[in-house]
Amino acid sequence: MDTSATIRRLTSGIAAMVGCLALGTASLPSALAETPSISARQRSEKKVFTDGQIIDGFMKTAFGAEYHLAGRVDRIRKYQMPVRIFIDGSARADRRKQIGKVVRDIAMRVQHLDIAMADKRDDANSIITMVRDRDLQKTITAFFGAEKAKEIHDSLDPQCLSGFRKNENYEIQRSDVILTVDNGNFVFLDCAYEELLQSLGPINDTDTVPWTMFNDQVSMGFFGVYDQYIMNILYDPRIKAGMTVEEVRGVLPDVLPDVRAWVAKVNNLPR
């Protein structure tokens, strides 16, 4: 199996791709909206996009990997099964509650994605490991090994990370997210949304699309409309794991109108 991973830098508070490693209705939930910096970003959020802008962002994030060691990255990667999430690590009840709200928010806004929390680790295929910032490096070492962990630390000084393992059909089999719990609410929620969403498939960062959280220069802290377009395209049943760029372009004219209608509905946007 191949593993793809993303990392967020502590020094800048923005996401950056680590790569592919050869390892195997309309408003934010109240607990999120209570963070003033997130509320302000939501109020100023751009919500109207052309078909070309949406397709451009989808292609740039769903295909490729900014950095990879092994495995092809020119195919769609996604779960083709229900996603069940288990929280490991920190016992902080407030952070666990926030993760539950993030997962429910994603479930509400992505039509064909079956995602929910799991009570038992054995029932989960996505594990969120929550650690103190001082324990992050040793946790990354446990996940990636000493050599790769040192490379990650020296080049990125991360504050959170995510990755997934896929099979030979590019179906994601398992994903892992590592979050630090003690860097403040905005950083925690920004990391939680981005890393959890990227662990579902759109692993590639891009600095050419200004509306997506999958951009090194963008910090949001919530699930914006533009990224809802990306995730709803990815999880439309007509978009299959293993599809090529050409195959995806062939079905997008049928997929995009349905995605537009859904995103408009859950965000109370004009149609």
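Arg-95 is a buried residue, because its relative accessibility is 2%, and the cut-off for buried is under 20%. I should say at once that the model we are looking at is a predicted one. Arg-95 belongs to helix α4, which runs over residues 93–109. Which residues does Arg-95 contact, once its neighbours within four places in sequence are left aside? They are Met-130, Val-181, Gly-184, Asn-185 and Phe-188. Leu-189 lies 94 residues away from Arg-95 in sequence, yet the two C-alpha atoms are 9.1 Å apart in space.

Helix α4 leads us to helix α9, since α4 is among the elements that cover the buried residues of α9, together with α3 (51–62) and α8 (225–234). Those buried residues include Val-248, Leu-252, Val-255, Leu-256, Val-259 and Trp-262. Asn-267 is also one of them.

Please consider next the course of α9, residues 245–267. A straight helix of 23 residues would span 33 Å, whereas α9 spans only 29 Å between its end C-alpha atoms. Where is the kink in α9? It lies at Leu-252, shortly before the proline Pro-253, and amounts to about 55 degrees. Leu-252 is itself one of the buried residues of the helix.

After α9 comes Asn-268. Most residues other than glycine have a negative phi. Asn-268, although not a glycine, has a positive phi of about 55 degrees. Tyr-170 also is not a glycine, and its phi is positive at about 70 degrees. Tyr-170 sits in the loop between β6 (158–166) and β7 (172–180). Are these two residues buried or exposed? Tyr-170 counts as buried, because its relative accessibility is 13%. Asn-268 counts as exposed, because its relative accessibility is 58%.

I turn finally to empty space in the model. The second largest cavity holds about 30 Å³. Its lining consists of Gln-111, His-112, Asn-232, Asp-236, Asp-258 and Val-259, and Val-259 is among the buried residues of α9. By class, that lining has one nonpolar, three polar and two charged residues.

The largest pocket holds about 180 Å³. Of the 14 residues that line this pocket, the closest to its centre are Arg-41, Glu-45, Lys-46, Trp-211 and Met-220. What is the make-up of the lining of the largest pocket by class? It has eight nonpolar, three polar and three charged residues.

Conventions
Residues numbered from 1 in each chain as written. Predicted model: local features only at pLDDT ≥ 70, side-chain atom pairs only at ≥ 80, totals over all residues. Heavy atoms only, no water. Helix = DSSP H or I, 4+ residues; strand = E, 2+ residues; numbered from the N terminus. Buried < 20%, exposed > 50% of the residue type's maximum accessible area, 1.4 Å probe, protein only. Contact = heavy atoms within 4.5 Å. Expected span 1.5 Å × (residues − 1). Bend = angle between axes of the 7 residues up to and from the residue. 1 Å grid on protein atoms, 1.4 Å probe; cavity = no way out; pocket = protein on both sides within 12 Å on 5 of 7 lines; lining within 4 Å. Points joined across faces, edges and corners; volume = space filled by probe spheres on them. Nonpolar A, V, L, I, M, F, W, Y, C, P; charged D, E, K, R; others polar.
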